[in-house]
Amino acid sequence: MKRPILILFLAVPLLLAGCTRQGPAVHATPPVAKATLVKSISQQVPRQIPITGTVHSKETATISAQVPATIRQVLVHAGDRVHAGQVLVRLDSAAMNAGLNRALAAQQAVEKQQQAAATKASLAKSTLHRYEILKKEKSVSPQEFDVVERHAQAAELQVQALNAQAAEAKAAVASARTQLGYTELRAPFAGTVTARMADPGTLATPGMPILQIDQRGPLQLYATVDESLIGAVHLGMKMPVTVDGIGQSMTGRVAEIVPAADPASRTFLLKLDLPHRKGMRPGMYATAQFPGALRSVIMAPQSAVIQRGSLAYVYVLDANGVAQLQYVTLGHTHGKDVEVLSGLSAGEQLVNEPGDRDLAGRRIEAQ
């Protein structure tokens with residue numbers, strides 16, 4: 001009876017060993033996803049030199065006084081929209097009204113003198129005509145005729161002198177009216193008040209700025225460029241421009257190059273025409289990218305880049321065609337492509353337009 005029991009005890013470990021032996025390892029196949037593929041490339045692009053500036057209206061006017069007078073009313077504030085011809089500022093007009101009244105009184109006096117002189121000249125002319133008839137009949141002496149003739153000539157000269165005085169008086173009235181008109185300062189065009197530099201009660205002197213108005217319509221970027229770069233600038237040149245206030249990029253075109261440099265900063269002023277963008281206003285800060293020497297960069301289509309807050313990443317295919325999530329650092333955009341400063345090499349395959357799909361670890365089949 002002991003022999004079968006011994007055999008049983010020996011067989012149990014063998015059976016247990018057989019149960020615990022593992023078969024060959026089986027590798028799981030990664031899930032498959034279909035997507036279009038693009039490649040990163042190495043490309044030569046101009047080095048971008050940032051130049052900063054401010055957005056301005058293409059037409060700007062400074063409203064200032066043309067005659068010395070006290071400001072009585074400033075009818076607008078910064079930010080107000082105005083139309084062409086609108087009264088913006090009223091100055092004290094008492095002195096101008098007095099001047100106009102004096103000019104009108106002088107004009108009336110001259111006109112009355114004209115009437116009197118014209119009557120005398122007419123009478124003298126009629127008398128001369130009668131004396132000419134008497135002279136032919138030899139009824140007057142030559143001396144008497146000469147007196148009448150000189151009197152008629154003097155009367156005509158008096159009329160001519162008063163006509164000149166009347167023209168001068170008329171011009172004085174026109175000048176006085178013009179001076180009176182200077183007491184109302186009007187908008188030269190439709191636009192927006194961007195600055196108010198004086199208030200009622202201030203003594204305005206000729207040339208003293210009171211308001212600034214920017215015309216509605218096209219905007220320009222006023223940017224300064226170092227004198228070492230001015231030789232590369234030409235009219236019509238295009239530059240990428242970013243306006244911080246609206247967070248948008250656009251293309252500016254050089255419309256004007258101020259020919260003289262600022263002696264203090266040794267910089268030249270450029271004026272770049274900007275395309276219309278909603279929300280863009282005069283006074284906003286902007287940066288233009290001036291093209292410099294060529295440099296080699298890694299470029300990738302923007303459609304392959306996923307932006308999540310301040311992070312950017314792409315799906316890169318490894319040697320087995322499996323997508324791997326890879327974070328990248330981006331630089332400037334160039335049309336539909338973007339510079340990749342780190343995280344990619346040239347020639348890598350990327351998933352195009354991944355959207356919100358989680359493709360990490362999936363084998364990608366091109367479609």
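Two strands are taken as paired if DSSP finds at least two bridges between them. In this predicted model, four strands form an open sheet in the order S3-S10-S8-S5, with antiparallel pairing. The edges of the sheet are strand S3 (60-64) and strand S5 (81-82), each of which pairs on one side only. Strand S8 (residues 191-196) and strand S10 (residues 209-215) are antiparallel and are linked by five bridges. Within this pairing, Ala195 lies opposite Gln212 in S10, and Arg196 has Leu211 in S10 as its bridge partner. Strands S5 and S8 also run antiparallel and are joined by two bridges; here Val82 stands opposite Gly191 in S8.

The chain as a whole contains three helices and 21 strands. Its radius of gyration is 46 Å, whereas a compact globule of 367 residues would have a value near 21 Å. Taken along the principal axes, the box filled by the C-alpha atoms is roughly 195 × 45 × 40 Å. Of the 367 residues, 31% are buried. Among contacts between residues at least 6 apart in sequence, 74% join residues at least 24 apart.

Confidence in the model was examined next. The chain has a mean pLDDT of 86, and 92% of its residues reach 70 or more. Over residues 4-26, pLDDT stays under 50, and the model has zero contacts for this segment beyond four places in sequence. Where pLDDT is low, the predicted coordinates should not be read in detail.

The largest nonpolar core comprises 24 residues, and those with the most contacts inside it are Leu221, Met239, Val241, Val243, Leu272, Met280 and Phe290. Two or more residues are given to this core by each of strand S2 (41-57), strand S11 (219-226), strand S12 (238-243), strand S13 (248-257), strand S14 (267-274) and strand S15 (285-301). A second, separate core has 22 residues, including Ala61, Ile71, Val82 and Ala204. With neighbours within four places in sequence left aside, Leu221 is in contact with Gly53, Thr54, Val55, Val241, Leu270, Lys271, Leu272, Leu274, Ala286 and Ala288.

Two further residues were considered individually. Ala190 is located in the loop between strand S7 (184-186) and S8. Because its relative accessible area is 30%, Ala190 is classed as partly exposed; the cut-offs are under 20% for buried and over 50% for exposed. Beyond its neighbours within four places in sequence, Ala190 contacts Val82, His83, Ala84, Gln215 and Arg216. Val82 is thus a contact of Ala190, the residue opposite Gly191 in S8, and a member of the second core. The C-alpha atoms of Ala190 and Val159 are separated by 49 Å, with the two residues 31 apart along the chain.

Thr267 lies in strand S14, one of the elements that give two or more residues to the largest core. Thr267 counts as buried because its relative accessibility is 17%, with the cut-off for buried being under 20%. The side chains of Thr267 and Ser265 are joined by a polar contact of 2.6 Å. When residues up to four places away in sequence are not counted, Thr267 touches Thr224, Val225, Asp226, Glu227, Ala261 and Asp262.

How values were computed. Residues numbered from 1 in each chain as written. Predicted model: local features only at pLDDT ≥ 70, side-chain atom pairs only at ≥ 80, totals over all residues. Heavy atoms only, no water. pLDDT = per-residue confidence, 0-100. Contact = heavy atoms within 4.5 Å. Buried < 20%, exposed > 50% of the residue type's maximum accessible area, 1.4 Å probe, protein only. Core = buried A, V, L, I, M, F, W, Y, C linked by side-chain atoms within 4.5 Å. Polar contact = N/O pair within 3.5 Å; in protein donor to acceptor, adjacent residues only side chain to side chain. Rg over C-alpha atoms; globule rule 2.2 N^0.38 Å.
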